[in-house]
Amino acid sequence: MSYRIAESLDQIRDEVNAFRPGRDKLSDGWIGDPDHASRSSDHNPWVKDSRGQGVVTAFDADEDHDQHIGNLVLAATVGRRDRRVKFVIYERKIWRSYKNHSGHPAPWTPEPYTGPNAHAQHIHVSVLPDPRLYDDRSPWGIAGVVRDLDQKGTHMRRGDSGGRVLASQARLNWWRGEKLTQDGATGRPSRRRSSASRSTRG
């Protein structure tokens, strides 16, 4: 069978590689193994493009804790509410770009992920099966997230939102053992923890 990775996911992989050329890629992946092939998974080339070629609409990037890859991808996809995203899974949580069904939270709200793979070694990104979206090579903004963090750090003010806030929440959870909800919104707990982080750094 002829298949390929969606162009949008090839783009985010290129951006991550450009940011950290020597990153750990042990848990990277896109085409499904036999276990994925036996069940419904975006790692299978079930989407067909205009030429009838199978398209894989999922990509896993090794989290590489030392390089913060998981947090950066989370910020660029969920934090920026990118219209191409179907869902993202990372560290036993799932963020959907849509409301799953009655009783589930609003789009982009983190929920516990109970699948067999906790995605603790990699972050999973699935894109929507629309060719206008899955083959859209517009930049995801990895470099912009890094630039914002370099310039502003993890400090969050009332009203801040988006990718940098999500990355800041993730960093504080990892670095300081906080238990902030990683939703890209600056609530009182996030502001308080970010202020405490600033004070400890002097």
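**View 1. Surroundings of Lys86 in strand β5 of the predicted model.** Leaving aside residues up to four places away in sequence, Lys86 touches Asp42, Trp46, Trp95, Arg96, Ser97, Tyr98, Ser126, Val127 and Leu128. One of these neighbours, Asp42, also makes a polar contact with Lys86, side chain to side chain, at 3.3 Å. Lys86 counts as buried because its relative accessibility is 17%, and the cut-off for a buried residue is under 20%.

**View 2. Val88 and the hairpin of β5 and β6.** The strands β5 and β6 (residues 93-96) run antiparallel and are joined by four bridges; in this pairing, Val88 has Trp95 as its bridge partner in β6. Two residues lie between the strands of the hairpin, where Glu91 takes a positive phi near 50 degrees. When residues up to four places away in sequence are not counted, the contacts of Val88 are Leu74, Thr77, Val78, Lys93, Ile94, Trp95, Ile123, His124 and Val125.

**View 3. The pairing of β6 with β7.** Two bridges link β6 to strand β7 (residues 111-112) in the antiparallel sense. Across this pair, Lys93 stands opposite Pro112, while Ile94 stands opposite Glu111.

**View 4. The open sheet of five strands and two helices that pack on it.** Read across the sheet, the strands follow the order β4-β8-β5-β6-β7, and their pairing is antiparallel. Strands β4 and β7 form the edges, since each of them pairs on one side only. Helix α1 packs on the sheet and touches β4 and β8, with a direction that makes about 10 degrees with that of β4. Helix α3 also packs on the sheet, where it touches β4, β5, β6 and β8, and its direction makes about 155 degrees with that of β5.

**View 5. The largest nonpolar core, to which both helices and strands contribute.** This core has 29 residues, and those with the most contacts inside it are Leu9, Val73, Val88 and Ile123. Two or more residues come from each of the elements α1 (7-19), β4 (58-62), α3 (69-79), β5 (85-90), β8 (122-127) and α5 (142-152). The largest share, seven residues, is given by α3. As a general background to this view, nonpolar side chains in soluble globular proteins tend to be buried together.

Terms used. Residues numbered from 1 in each chain as written. Predicted model: local features only at pLDDT ≥ 70, side-chain atom pairs only at ≥ 80, totals over all residues. Heavy atoms only, no water. Core = buried A, V, L, I, M, F, W, Y, C linked by side-chain atoms within 4.5 Å. Buried < 20%, exposed > 50% of the residue type's maximum accessible area, 1.4 Å probe, protein only. Contact = heavy atoms within 4.5 Å. Pairing = 2+ DSSP bridges. Axes fitted to C-alpha atoms, helices over the stretch in contact; angles between N-to-C directions. Polar contact = N/O pair within 3.5 Å; in protein donor to acceptor, adjacent residues only side chain to side chain.
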